[in-house]
Amino acid sequence: MVAKIRELIVKYKELISYGIFGVLTTVINIAVYTVCYNLLGISNVVSNVIAWILSVLFAYVTNKIWVFESKSTEWKVLIYEMGSFFGCRLATGLLDLAIMYVTVDKLALNSTLMKCVSNVIVIIANYIFSKLVIFKKK
């Protein structure tokens, strides 16, 4: 039984680590958003942008080092990875922003609940981009 569990962990290491760091990234995103919006009284959109910036910085480092284990230090590769990572995250960040604007500002739904729903959608899209575009194996 232990051997089978170990085999599954090795087989799905990338997905497991992406899940762990994705949860941590989401916690950072939601916590920063909540502090900015609910405690500091910063507007919904600005709170969302601040939360996005901090969580994307965290995600880049963890995805590069631990999830996709990109070891390259060549400038050409680093520039490609960073550019494509931030570009893809900008696209999903805009998706997040649109979801939050429509659901919170226009439909007056619960901001924290909608932030959680939005993050699920964004996490799935980010994994697909990271796996197939940014950190793809050669």
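Is E69 buried, partly exposed or exposed in this predicted model? E69 counts as partly exposed, at 36% relative accessibility. The close-up views below start from this residue and then move through the rest of the fold.

**View 1. K13 and E69 meet in a salt bridge.** Welcome to the first close-up, where the side chains of K13 and E69 come together with 2.3 Å from N to O. K13 sits in helix 2, while E69 belongs to the loop between helix 3 and helix 4, so that distant parts of the chain, 56 residues apart, are linked by this pair. K13 is partly exposed, with a relative accessible area of 42%, and E69 is partly exposed as well, at 36%. The structure holds five salt bridges, and two others appear in the next view.

**View 2. K64 pairs with E81, and D96 pairs with K115.** In the K64–E81 salt bridge, the N to O distance is 2.7 Å. K64 lies in helix 3 and E81 in helix 4, so this pair ties together parts that are 17 residues apart in sequence. Both K64 and E81 are buried. For D96 and K115, the closest N and O atoms are 2.7 Å apart. D96 is in helix 4 and K115 in helix 5, which puts the partners 19 residues apart. Here too the residues are buried: D96 has 3% relative accessibility and K115 has 0%.

**View 3. The largest nonpolar core has 13 residues.** Look here for Y18, Y60, V67, F68, F85, I134 and F135, the members that touch the most others. Helix 2, helix 3 (44–67), helix 4 (75–106) and helix 5 (111–134) each supply at least two residues of this core. Helix 3 gives the most, with four residues. Another core, of seven residues, lies apart from it and includes V32, C36, A51 and M114. In soluble globular proteins, nonpolar side chains tend to be buried together.

**View 4. F68 and its contacts.** Setting aside neighbours within four places in sequence, F68 is in contact with E14, Y18, N63, Y127, S130, K131, F135 and K137. Two names on that list, Y18 and F135, will be familiar from the core in the previous view.

**View 5. W66 in helix 3.** This tryptophan is partly exposed, with a relative accessible area of 45%. Not counting residues up to four places away in sequence, W66 touches S17, F21 and V61. W66 and G19 are 47 residues apart in sequence and 12 Å apart in space, C-alpha to C-alpha.

**View 6. A nonpolar patch on the surface.** M1, I5, L8, I9, Y12, L15, I16, I20 and L24 make up this patch, and together they have about 860 Å² of accessible area. Helix 1 (2–11) and helix 2 (13–39) each supply at least two of its residues, with the largest share, four residues, coming from helix 2. I9 has its place in helix 1 and is partly exposed, with a relative accessible area of 46%.

**View 7. Cysteines without a disulfide.** The structure holds zero disulfides. For C36, the nearest cysteine sulfur is that of C116, 16 Å away. C36 is buried, with a relative accessible area of 6%, and C88 is also buried, at 12%.

Terms used
Residues are numbered from 1 along each chain as its sequence is written. This is a predicted model: local features need pLDDT of at least 70, side-chain atom pairs count only at pLDDT 80 or more; totals for chains, interfaces and linings use all residues. Side-chain values use heavy atoms; hydrogens and water are left out. Patches are made of residues with over 30% relative accessible area and no salt bridge: like charges are joined within 9 Å, nonpolar side chains (Val, Leu, Ile, Met, Phe, Trp, Tyr) within 5 Å. Accessible areas come from the Shrake-Rupley method with a 1.4 Å probe; for residues, only the protein chains shown count as cover. A salt bridge is a side-chain nitrogen of Lys or Arg within 4 Å of a carboxyl oxygen of Asp or Glu. Buried means under 20% relative accessible area, exposed over 50%, partly exposed in between (1.4 Å probe, protein chains only). A disulfide is a pair of cysteine sulfur atoms within 2.5 Å. A nonpolar core is a set of buried Ala, Val, Leu, Ile, Met, Phe, Trp, Tyr and Cys residues joined through side-chain atoms within 4.5 Å. Contact means heavy atoms within 4.5 Å.
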